[in-house]
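Student: I have a protein structure open on my screen, and I would like to learn how to read it. Could you walk me through it, one feature at a time?

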Amino acid sequence: MKQQDPATTWTGLFNRNRVATNGMSLDYIPSELVEGSIIVKLDKGETEKEIDKWKSALIVYVVGDTTRYNYMSKYVQQNWNTVSEPGIYYHEEGYYIVKFQRIAYMNEILYAGPYSINNGPMILKQWIPDFDFNAEFLTELPLWVKFPNLLMSCWSRDSLIRIASAIGVPKYADECTAKQTRISFARMIIEVNVIKSLPSEITVMDPSGKTFQQGVIFEWKHEYCEQCLMIGHNCDKQRRDRLKKEEQKQTRPIERKKRPQKLVSTWVPKVDTHKPATSTGDQQGTSYAGATKQTQQEA
Ligand SMILES: [Zn+2]
């Protein structure tokens, strides 16, 4: 992949790929024969040079969205413009690599999250040399987690680590947490395993042996499908929701017959509040921004 002009389309990047002067000439380096098999031995200097190039890159994955290259490029230009423009590379497995000019720039963007595109949360992780999108990326997710009303005695770096470690592997505490400038909650990035269920509170024991429950708030919680073994949806929950809807459809007309001409609670939409209440049973169970009114209702 080559450095590109972000204004071009993804396919457009390769228009000139076939031009001979744009490639590079290659020579021959013989492989080694080890116990009858050909083995390619890489050179440390060569690989380290390449690793150096990508150390300041983030893997970017948008959950539940196939964000087009142009869209991602525009998003980065508009939202991550506090640092010099990074290179954006698309991988056909569905993720991007965004390569910053400095590690400091990468951290600045990483720690200012979380981000989302079209309501699809964006997962960001620093690139590592043996990065494997499918094997590791989508099983260990970095999530922003808040610990509301954390006791002031628990704000030392190590205590924060102890508390966060009950959920996963702590990665980073935001500036307000590190400097204790915002004392209503501590906020950290914690890498969690997607297969484990996320707690809403954890039990903490103070040095005197007294325990207390510490609340945990996830700024975004992933959905995990145990059937498909992937994040982004939950087949089982979707099935349950469907069944619930069907059940509601079937029970609603019977309920109406049972209680004819009775005083019932009905959701009245806000726009209709000036008109006389003429709501029908159809509106029952639908959520509106209006107030609940007691109305006489004909069955
Ligand atoms: Zn599924």
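Tutor: Gladly! Let's begin in a loop: Glu35 is found between β1 (32–34) and β2 (37–39). Keep in mind that this is a predicted model.

Student: What is the phi of Glu35?

Tutor: Its value is positive, about 45°, although Glu35 is not a glycine.

Student: Is Glu35 buried or exposed?

Tutor: To decide, count the other C-beta atoms within 10 Å; 12 or fewer makes a residue exposed. Glu35 has 5 such neighbours, so it is exposed.

Student: Which residue other than glycine could I compare with it, also with a positive phi?

Tutor: Try Asn149, whose phi is near 50°. Asn149 sits in the loop between β8 and α5. It has 11 C-beta neighbours inside 10 Å, so Asn149 counts as exposed.

Student: Now the overall picture. How many helices and strands does the chain have?

Tutor: There are seven helices and 17 strands. The chain has 299 residues, of which 15% count as buried.

Student: How do I read a sheet?

Tutor: Here is the general idea: strands of a sheet pair through backbone hydrogen bonds, either parallel or antiparallel. In this structure, one open sheet has five strands in the order β4-β5-β3-β7-β6, with antiparallel pairing. At its edges stand β4 (87–91) and β6 (115–117); each has a single partner strand, so one side of each lacks a neighbour in the sheet. From one strand to the next, the twist averages 30°.

Student: How many bridges pair β4 and β5?

Tutor: Five bridges, in the antiparallel sense. Across this pair, Tyr90 stands opposite Tyr96 in β5. The two strands form a hairpin with three residues between them, and there Gly94 takes a positive phi near 110°.

Student: And what does β5 do on its pairing with β3?

Tutor: Strand β3 (residues 57–62) and strand β5 (residues 95–99) pair in the antiparallel sense over four bridges. For a pair to look up on your screen, Ala57 is opposite Lys99 in β5.

Student: Which helix lies across β4, β5 and β6?

Tutor: That is α2 (residues 69–79), and it runs at about 150° to β4. Its buried residues are Met72, Ser73 and Val76. Looking down the axis of α2, you find these buried residues within an arc of 100°, so they line one face of the helix. Both β4 and β5 are included in what covers them.

Student: Why might nonpolar residues gather together?

Tutor: As a general tendency, in soluble globular proteins nonpolar side chains are buried together. Here the largest nonpolar core has 30 residues, and those touching the most other members are Val60, Ile88, Tyr96, Val98, Met188 and Ile190. Take Val98: leaving out residues up to four places away in sequence, Val98 touches Ala57, Leu58, Val60, Val76, Pro86 and Ile88.

Student: Where is the strand order β9-β10-β8-β13 found?

Tutor: It belongs to an open sheet of four strands, paired antiparallel. Its edge strands, β9 (169–173) and β13 (217–218), each pair on one side only. Four bridges join β9 to the antiparallel strand β10 (residues 185–193). One pair to find is Ala173 with its bridge partner in β10, Met188.

Student: Which strands does α5 lie across?

Tutor: It lies across β8 (140–148), β9 and β10, running at about 45° to β10. Arg162 has its place in α5 (residues 157–164). With 13 other C-beta atoms within 10 Å, Arg162 is partly exposed.

Student: How can I see which parts far along the chain come together?

Tutor: Compare separation along the chain with distance in space. Arg162 and Val204 are 42 residues apart along the chain, and their C-alpha atoms are separated by 9.4 Å. For the chain, among contacts between residues at least 6 apart in sequence, 57% join residues at least 24 apart.

Student: One last thing to look up: which peptide bond is cis, with omega near 5°?

Tutor: The bond from Gly113 to Pro114. You can locate Pro114 in the loop between α3 (103–110) and β6.

Note on methods: Residues are numbered from 1 along each chain as its sequence is written. This is a predicted model: local features need pLDDT of at least 70, side-chain atom pairs count only at pLDDT 80 or more; totals for chains, interfaces and linings use all residues. Two strands pair if DSSP finds at least two bridges between them. Axes are lines fitted to C-alpha atoms, for helices over the stretch in contact, and angles run from 0 to 180 degrees between N-to-C directions. Two residues are in contact if their C-beta atoms, placed from the backbone, lie within 7 Å. A residue is buried if 20 or more other C-beta atoms lie within 10 Å of its own, exposed if 12 or fewer, and partly exposed in between; C-beta atoms are placed from the backbone. The arc is that of the directions from the helix axis to the C-beta atoms. A nonpolar core is a set of buried Ala, Val, Leu, Ile, Met, Phe, Trp, Tyr and Cys residues joined through C-beta atoms within 7 Å.
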